[in-house]
Amino acid sequence: ASMSSLTGGFSNNGDHGSMYDLRRQLEGLGTATPAGEGAGEVESTRVERLLKEREAMRKTRSSATLLTDASGEEYVEYAEGTSGGVRVQSLIIAANRLPISVKKAEDGSGWTLTTSAGGLVSALLGVKKNYEMTWVGWPGIFIEEGPDRNELTALLRKNNFLPVYLTKTQVELYYNGYCNNVLWSLFHYVPLNSEAKLSEATNMNAQWLAYKEANLNFCEAIMSVYRDGDVVWAHDYHLMLVPQLLRERDSAMKIGWFLHTPFPSSEIYRTLPMREALLTGVLAADLVGFHTYDYARHFVSSTSRILGLESSPEGVENNGTFTRVAAFPIGIDPGRFTAALETDAVKAHIKELKERFRGRKVMLGVDRLDMIKGIPQKLLAFEKFLNENPEWRGKVVLIQIAVPTRSEVPEYQRLASTVHEIVGRINGRFGTIGSVPIQHLDCSLSFTELCALYAITDVLLVTSLRDGMNLVSYEFVSCQSESNAGVLVLSEFAGAAQSIGAGALLVNPWNVADCAAAIEDALRMPEMEKRERQRSSFTHVSMHTSQAWADTFISELNDTHVEAELRQKRIPPQLQSNTMVSSFTNAKERLIILGYNATLTETIDPKRQTRSKLEKKRQRLHPIAHECLTRLCDDPNTTVCIFSGSERYKLSEIFAMLPKVWIAAENGVFIRPPLQGKNGTGSPRWMTMIETTNLDWLESVEVVFDYFCERTPRSHVEARETSLVWSYKNADPDFGRQQARDLLQHLWTGPISNAAVDVIQGAKSVEVRPVGLSKGTAVERIVQMIGGISKEVIEVDFVMCCGHFLGRDEDIFSFLELKSLPPSSAEYMSPQGTSPQHAVGSSHTVDEDEEGKHEIPIRFHDVFTCTVGRKRSAARYYVNDSDEVAQCLAALTNSLNDGKGLIELLQFEDSLSSGPSLSSSRNMSAQRIGSVTQIQEEPMSVRKSSSGQSI
């Protein structure tokens, strides 16, 4: 069921904790085997787990019988010896409507419930055999609070339905307004209303607020019945915010979401004003399902292009969490139709219809009277067929059933008038006194009448302009037989075309001539070919039933949750600011190591960042972090080091107001001691940690980067003293990844084939830098310089290291952890597993005074390593963004008791106007997608953009 490729084979980004690598590792991890059960056996893979769960479901279903008692209430009876006595897993279905119709009894004595018809209802009724199911939804009526509502609620709860009562205003704004007029239209490629009135925008905002309120009502209803271990399955575009609302209340909940309509391409979806919030809401689910691969691909593309998230063939990664995206084509219950054909009522209808249409071929169309169903296109194709094939006049009849919907909407009224006009024209032109070529019905048929009509039909016409699945084609196939096989003419824009298209004649409904030719081919098709096509279609419909669809989705959801737990083990816990205060206060020697980008810079609102993609303005220091660093540097027992990949002269300008900090530029190539205070040199002299005389490869790599910069719009090259970076973070994500693959292939076979360089592939960048660069060895060098030569052992009581580093640079965390071990286990180890005397950079420095000094053992006591962004990391903790980094620094600063007062976080709120305030970001942290945005610094020397302009 999962997709094989959504993004054209997105490759490893060079990070040891990359999503791609973890996916490969997870395939072999499986789940732990309980003690005493198959000990020593190899843990199962994901596919094996799914097969075992499917077999268990099959056995449970075969041993369970869905019965109905005298009162009409359904219940499950298990065979003796099965697990019927054990509490089965509970499934909570959340959909806009309950699967029943509610009516007040004629005598006013009570309520009556009638089961509704529909694919979703029939698909989930069978799930009762395996799950304790509760269905949450709107009952479809307006009823004020009081005895009547209480009585109805009690009746619904007795039947495992949980009502969500909506007011008339909510239904008008939420359902008729935002759901139908905005989401449904856009998802079916109908453009949004573009009337040039301010009231239209105001009305949409009111509809959006009602949509959020309704989703919150559904969330609260679900939480009122939710128990630990339950599975929650939300359905359709009505409830796109529900997964996020539920996740905020219980992070361990199993949540699935399925869309029953098409999902448009990203170019269409991005026109929606509230596009980010809806995607964010859906991504909180563990599993997101669609009918077809195309819809899933469009969704993944939208998350990548609009939210800037990383995607893989399996789904989307969002701030350390992974949402699986897969295709699950829904089916029907074919047994219900085949059984109906054996009933006397259906046989009587079949006999009557055959007598009525004796001597004529029967063509059938069953649609809702809707703009997306392509009824006018179908009629025009039939008219063209009759015009070009006069020998068929009087020998073929088209029965078009158009069930009215939303008849009060002007657009639908105009559609009905158009259809009636075309029908009248065709009947008037090609009809006779005894018969007409089209029999048009503006009504629905009973189930028995519909089955009989399917059975005698020779050609079914489905000409949808855009359809999520269209199960009419499945129903038609179920009612046909090989002895009297009909032909299915199916629109290629219906989701069913990707399922049973092999047995159908696929057409483009916009091409009237193509449809007319398909009608002729269907009527003249040989019997042998008809039977072969029917056999192919019926095999698919019989295997991919509605029950199989539901079972497959829930099995995938359960297994996705297992994988999520495995991933969670690789994500460190979140760092709380008070965790470090006690250790910091008691320490005599303190060392604070901080990254720069996304660590000390201001947090950028994702919406604002999208609007200013090409702005290369330099990021300012976070105002709270700036104040904290100033006071921490003034403390004689605290040393602060800043690490960055930026150029040294750029960092000198940024931290000119902090002369007491250590600065490591270009990932540790250059180190500058403080200008003032402890270890202050008084002069801005930089030390070089590696040999910089052999950089001949820079020129040839720069030529390659410039070439790909010209070929990739909105990419740019950052030229540094010892490295080059090609960034495509502002380019089209798919094209950028493809260009990155080509660039890497060209680099390895060309200019760097024999050069001593490392190629680091970031999330949306490629960097080439000298081999052996290590933040860990740079930290070791700084600590040696801080400790001096008079000590036998350099001991630091408190170490905090926090940064948004690539996996390649997380050796800084490993080094700090290593030096915090007992001396016996860390004495001979450097950050990269070699002796300190041979670590890169230990003996290369332009500072002649440092030459010849021996290495002094280093010992760290309390170490707090922290990555910025919730992700798999070698660090002990994580924080979400620079706001939380500033919060931690403020807690440490306030514990100094330096007489300068406490830092109040909210006093800087005005300074943070460019992004969310610190207080609001904490309250809304669960609603922010990608809160950790890797901000590339403005390069001091940038070659050119694809347009030739300097950036």
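Thr867 has Tyr878 as its bridge partner in strand β31. This pairing belongs to a predicted model, and it is one point of contact between β30 and β31, which pair in the parallel sense over 3 bridges. Strand β30 also pairs with β29 (residues 794-803), again in the parallel sense, and here 9 bridges join the two strands. Within that second pairing, Cys802 has Cys866 of β30 as its bridge partner. Strand β30 is mostly covered, with 8 of its 11 residues buried. In a regular strand, side chains point alternately to one face of the sheet and the other.

The loop between β30 (858-868) and β31 (877-879) holds Arg876. Arg876 forms a salt bridge with Glu817, and the closest N and O atoms of the pair are 2.7 Å apart. Glu817 belongs to helix α27 (residues 811-819), so the contact ties together parts that are 59 residues apart in sequence. The two partners differ in exposure. Glu817 has a relative accessibility of 18% and counts as buried, because the cut-off for buried is under 20%. Arg876, at 35% relative accessible area, is partly exposed. Elsewhere, Arg305, Asp732, Asp734 and Arg737 are joined into one network by salt bridges that share partners.

Helix α26 covers residues 775-787. Its 13 residues reach 18 Å from the first C-alpha to the last, close to the 18 Å expected at 1.5 Å a residue. The helix is mostly covered: 13 of its 13 residues are buried.

The count of salt bridges in the model comes to 34. One of them is formed by the side chains of Asp286 and Arg247, at 3.1 Å from N to O. This pair links distant parts of the chain, 39 residues apart: Arg247 is in helix α7 (residues 242-249), and Asp286 is in the loop between α9 (275-283) and β10 (287-290). Asp286 is buried, with 7% relative accessible area. Arg247 counts as buried too, at 18%. Another salt bridge joins the side chains of Glu276 and Arg275, with an N to O distance of 3.2 Å. Glu276 is buried at a relative accessible area of 14%, and Arg275 is buried at 17%.

The next topic is the aromatic side chains. A search of the whole structure finds 30 aromatic pairs. The rings of Phe187 and Tyr269 have centres 6.4 Å apart and planes at 40°, so this pair is tilted. Phe187 lies in helix α5 (residues 168-187) and Tyr269 in helix α8 (residues 266-269), so the contact ties together parts that are 82 residues apart in sequence. Both Phe187 and Tyr269 are buried. They also belong to one aromatic cluster, whose other members are Tyr237, Trp257, Phe263, Phe290 and Phe299.

What is the arrangement of the rings of Trp233 and Phe553? Their centres are 4.3 Å apart and their planes stand at 5°, so the pair is stacked. The cut-off for stacked is under 30 degrees between the planes. Trp233 is in strand β8 (residues 231-235) and Phe553 in helix α19 (residues 546-568), so far along the chain that 320 residues separate them. Both Trp233 and Phe553 are buried.

Helix α19 also contains Glu556. At 4% relative accessibility, Glu556 counts as buried. Its C-alpha atom is separated by 9.2 Å from that of Ala326, although the two residues are 230 apart along the chain.

Two arginines lie over aromatic rings. Arg466 is placed over the face of Tyr189, at 3.8 Å from the ring centre. Arg590 is placed over the face of Phe584, and here the distance to the ring centre is 4.3 Å.

Key: Residues numbered from 1 in each chain as written. Predicted model: local features only at pLDDT ≥ 70, side-chain atom pairs only at ≥ 80, totals over all residues. Heavy atoms only, no water. Phe/Tyr/Trp six-rings, centres within 6.5 Å; stacked < 30°, edge-to-face > 60°. Helix = DSSP H or I, 4+ residues; strand = E, 2+ residues; numbered from the N terminus. Buried < 20%, exposed > 50% of the residue type's maximum accessible area, 1.4 Å probe, protein only. Lys NZ or Arg CZ within 6 Å of the ring centre and 35° of its normal. Salt bridge = Lys/Arg side-chain N within 4 Å of Asp/Glu carboxyl O. Expected span 1.5 Å × (residues − 1). Pairing = 2+ DSSP bridges.
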